[in-house]
Amino acid sequence: MTGIMSALKGCTSPNVYDEVPDGGWGWMVAAAFFFVEVFTYGIIKIFGIFLQDLMTDFNETNSRVSWVVSICVFVMAFTAPLSTLMSNRFGYQPVVMLGCLLISLGTITTAFTNSIIEMYITMGIVAGLGYCLTFLPTVTILTQYFSKRRSLVTSIASTGECFSLLALAPAMNALKEHMGWRNCLIMIGVMQASIIVCGALLKPVVIKPKPTASEGSTSPLKEPESKYDQENEFTRTSFGSVDSGVQSVTSSQINLSEGQESTEQNSAEKKALKEKEEEENRENKQPVLPETPLKQERVDSSASRPKLLDFSVLRDASFNCYALFGLFASLGFFAPQLYVIELSVSRGVSRDSATYMLSAMAVAEILGRLSMGWVLNRRPIRKIYILLICTVLLCPVLVIFTFVTEFWGLMSCSCFYGFLLGTVASSHIPMLAEDDVIGIQRMSSAVGVYVCIQSFAGLAGPPLGGFLVDRTDNYGSAFYSCAAGMGVGALFLGLVRPAKSGLCLWRRRNDQQTTDRDSSSQGSDYGPADFVEMDMELDNGPAKSKPWPV
């Protein structure tokens, strides 16, 4: 029993490092994130293999069945602040394990539904909430284990959803023909239960820098003595003579030379403390007595405790621009994969050949993710500019989709789109950890708000494309809407860096003005203090005399 308890304690105890490890247990977290991608976004992407069976069994239209995926994606993104709150309150491990149970429950109960409305609840709401509770905590803690290799590792680990599209989609499609779609969903739900192992691997990381040599050599008794001397130096009362008497008694116990050196050292120390005291008085305008250890510990613990849910990131102009980028760019994340087959069929390509477009997108997306990780891992480089270039290039590729009319042209567009989509999809969430956007310190709070804002595009993207297709009777209209959304997103992404620089410059100017105002007001009060100090020094002299005229 003791061994079991010690093993459980070892699994839940945090990993303590002197600096960001860029490896170590982080590789286990990266492997966990890979499998979380396989069974979250990967299952959402291959859910299209069941659309035709659901339409036949429930006698529903294509648009009503497609709402299952839209609701699932919306709930997954909209509940991101809830995932952030629970992760900050209870930790990453229990939240991911709870999400695993919800995913398995939602997927397995979907196999027993009798209407599409019931599927909206089981697959859309229950499983969608589980996807959120598993995906966001995993990607957040992965960014905390890596610094220099963060972009490369997250890009490699995020290829899990592409692996699902390449391997699970053909396997589940073949299995569906023999077992039926209901038994196939039960098997998927059982496999998704393995995420609970991934959740157990998410050990929190704690960074405690080593103390410097100067801090380690400081005597614990010297600091209170210095503070006591500083307090006596400030009051300048009769305690100063008592303190000098104590020092003389102590010095009489050693030889004369050592006593002289000690006296010189004490006078030099008092002089330094006096200068430090005067500098602190200029800054604070009032003497600050040393804090008690209990009060200091209380302040440190309250400052280190993270907020459960922090919406203060919405006051940051650069984050708002980046959130709007994610909102509009997400319009081009889902619709092309949903309509590329029908677009190819409308251009004269056979349906069997049109299915290769999705495979080409998946392979190209893997290459795009790996390439983006390799590029962003090189230094020095401004990562947000690379993301901006890839986003801008997506716009003409989406437009070219509507002009090509033969197989190889559509295949080329699918490859280019998959490659560029992989670069953007693998970096837009980890980019929040960069100082150009919000920084690693506020990453855990910012990611929940960012994905929540992005959720509205996930809900509106596919229905908007379907609405345009119904009105124009042309599948190319869906690609025009995706290109327009990607272009607006690129515009806001281009404003992130100027907004960050302008905000920092504005704060710097305000701080400088405040400092100048304080120094001018303190300078006017400094003269009388000098006069009083000089007067008191003269009074304490061996021969009292009148103060010198000023």
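**Salt bridges and confidence in a predicted model**

I will start with D436, which counts as buried at 10% relative accessibility, where buried means under 20% relative accessible area, exposed means over 50%, and partly exposed lies in between, using a 1.4 Å probe and protein chains only. Please keep in mind that this is a predicted model, in which local features need pLDDT of at least 70 and side-chain atom pairs count only at pLDDT 80 or more, while totals for chains, interfaces and linings use all residues. Residues are numbered from 1 along each chain as its sequence is written, and side-chain values use heavy atoms, with hydrogens and water left out.

Which residue does D436 meet in a salt bridge? The partner is R497, at 2.6 Å from N to O, where a salt bridge is a side-chain nitrogen of Lys or Arg within 4 Å of a carboxyl oxygen of Asp or Glu. Because D436 sits in the loop between α23 (407-425) and α24 (443-472) while R497 belongs to helix α26, the pair ties together parts that are 61 residues apart in sequence; helices here are DSSP runs (H or I, at least four residues), as strands are (E, at least two), numbered from the N terminus. Unlike its buried partner D436, R497 is partly exposed at 23% relative accessibility.

Helix α26 (residues 496-539) also carries K500, which is paired with D316 in the loop between α17 (293-304) and α18 (317-329), 184 residues apart. Their side chains form a salt bridge at 3.6 Å, N to O, and here D316 is buried at 4% relative accessibility, as is K500 at 14%.

A further pair is E161 with K45, whose side chains meet in a salt bridge at 2.7 Å, N to O. This pair links distant parts of the chain, with E161 in helix α10 (residues 160-179) and K45 in helix α3 (residues 41-46), 116 residues apart. E161 is buried, with a relative accessible area of 6%, whereas K45 is partly exposed at 24%. Through shared partners, salt bridges join K45, E161, E365 and R369 into one network, and the structure holds 10 salt bridges.

Now to confidence, given as pLDDT, the predictor's score for each residue from 0 to 100. The chain averages 75, and 70% of the residues score at least 70. Among the elements of the chain, helix α7 (residues 92-110) has the highest mean, 95, and helix α15 (residues 239-251) the lowest, 37. Over residues 215-264 the pLDDT stays under 50, and the model has 27 contacts for this stretch beyond four places in sequence, a contact being heavy atoms within 4.5 Å.
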